[in-house]
Amino acid sequence: MLNTDIDFTIGRRNFSSLVQRALPQVVHRKVYMDYNATTPLVPEVIQVVTEAMHKAWGNPSSSYTPGRKAKELITGARESLARMVGGRPQDIIFTSGGTEANNLVIHTAVRHFRESWVPGHMEPDDDHRGTAGAIPHFVTSSVEHDSVRLPLEQLMKEGMAETTFVLVSRVTGQAEVDDVIAAIRPTTCLVSIMLANNETGVIMPISELSQQIWILNQKRMASSLPRILVHTDAAQMIGKERVDVLDLGVDYLTIVGHKFYGPRIGALYVRGPGVTAPLHPMLFGGGQERNFRPGTENTTMIAGLGKAAELVNKHCEVYEAHMRNIRDYLEERLEAVFGKEAIHFNSRFPGSRRLCNTCNFSIKGPGLSGQMVLSHCRTLLASVGAACHSDKEDRPSSILLSCGIPYNVAQNALRLSVGRDTTKEDVDRIVKDLEQAVVQLRQNSIS
């Protein structure tokens with residue numbers, strides 16, 4: 001049985017001491033609440049990585065002791081990741097991170113379409129898609145991560161694919177199953193919808209979507225149409241709630257280590273790679289990862305990823321309960337301090353579930369843009385949205401606008417995401433910090 005008080009205290013103390021030794025003393029007063037952007041390595045992962053550097057430095061393809069040790073660590077990590085997502089060890093392919101995993105799926109879908117498309121299926125009045133020149137069609141949502149959106153936009157720019165970006169519902173914040181199914185065409189090769197949104201925390205109905213696509217694929221098979229593959233990017237969900245690929249019914253699932261206290265590498269779950277679900281490599285080399293992702297394995301980081309997965313396997317429910325409790329307390333304190341009329345929770349949608357740790361909110365009023373508020377905070381370390389969009393200054397998040405959040409409200413948005421060791425005392429400190437920042441900004445606007 002996990003003693004959460006001890007575990008969280010140990011992790012917090014070790015991480016804090018490292019920060020205090022490395023940076024000026026004022027930094028130890030900061031409160032980090034951007035865990036959806038990245039998470040620190042926990043001591044257990046650091047220990048495994050360090051030991052691997054010393055004892056498993058050999059090439060995993062070699063037969064001498066350091067190489068055999070490296071191979072054992074990779075095998076163990078693969079088993080831990082498989083247990084974490086409910087798959088088999090042979091279904092796990094290690095990658096450099098989530099971006100590579102997502103690109104690998106898109107690349108595979110294009111190749112699979114070219115190999116499986118049978119000419120003669122297009123109707124005469126189908127727009128610019130003749131029988132001989134059919135190109136693959138993708139369906140995704142309007143709130144996907146750039147590592148899905150940008151590769152698809154590049155394929156469109158090059159005339160190599162077509163994509164439908166399904167708008168999320170302004171009521172639920174979800175990519176609705178009926179809307180996704182309605183966007184499917186005869187040439188559709190892949191449906192890629194994230195499991196949980198990184199800004200709103202809204203959890204998408206992937207299981208229901210997969211069931212509908214399975215039914216549709218049975219009909220397509222009878223007509224010799226290519227099968228529609230299903231992918232979900234689970235970067236934000238893993239470590240916050242149990243993930244089961246069998247329940248989700250997907251062909252591919254993206255795993256990102258640095259979102260659940262692991263190293264900055266990743267993995268791709270593939271349902272029977274190369275057999276049940278196609279997988280075509282983007283790289284060619286020495287044959288590692290069964291030729292699906294060649295290159296000498298990054299043993300130390302893979303070992304750390306395996307340890308992070310092992311911790312999720314053991315303690316996921318504890319992590320989830322703690323983060324949900326702290327997130328709810330945060331929202332209670334925000335309402336108490338600023339008043340219900342002055343706070344808009346951008347991540348609350350009726351009928352939708354959301355991540356246990358995510359609070360996206362706006363403090364209403366002129367001159368209170370998210371960036372301005374953060375710039376006047378002395379304690380809080382957070383973001384206005386996705387870290388990869390942090391250079392967009394005061395422009396509102398396109399994700400929030402897609403969800404129907406009014407422009408002036410979206411412009412004031414802040415995304416706070418709590419972690420495994422965030423405390424109620426941390427919440428009290430940052431709410432007080434936000435309060436003083438808002439008071440200062442309002443005084444500045446008067447003067």
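This passage describes the aromatic contacts, the cysteines and the internal cavities of a predicted model.

Residues are numbered from 1 along each chain as its sequence is written, and side-chain values use heavy atoms, with hydrogens and water left out. Because the model is predicted, local features need pLDDT of at least 70 and side-chain atom pairs count only at pLDDT 80 or more, whereas totals for chains, interfaces and linings use all residues.

Three aromatic pairs are present in the structure, a pair being rings of Phe, Tyr or Trp (its six-membered ring) whose centres lie within 6.5 Å, called stacked if the planes are under 30 degrees apart, edge-to-face if over 60 and tilted for the rest. One of them joins Tyr32 and Tyr35 in an edge-to-face arrangement, with 4.8 Å from centre to centre and 75° between the planes. Tyr35 is buried at a relative accessible area of 6%, while Tyr32, at 27%, is partly exposed; buried here means under 20% relative accessible area, exposed over 50% and partly exposed in between, for a 1.4 Å probe and protein chains only. Ring pairs link both of these residues with Tyr261 into a cluster.

Charged side chains also meet rings, in that the charged end of Arg348 sits over the ring of Phe345, 4.0 Å from its centre, and Arg420 lies over the face of Tyr319 at 3.9 Å from the ring centre (the criterion is NZ of Lys or CZ of Arg within 6 Å of the ring centre and within 35 degrees of the ring normal).

The structure holds zero disulfides, defined as pairs of cysteine sulfur atoms within 2.5 Å. Cys189 is buried at 1% relative accessibility, and Cys377 is likewise buried, at 11%.
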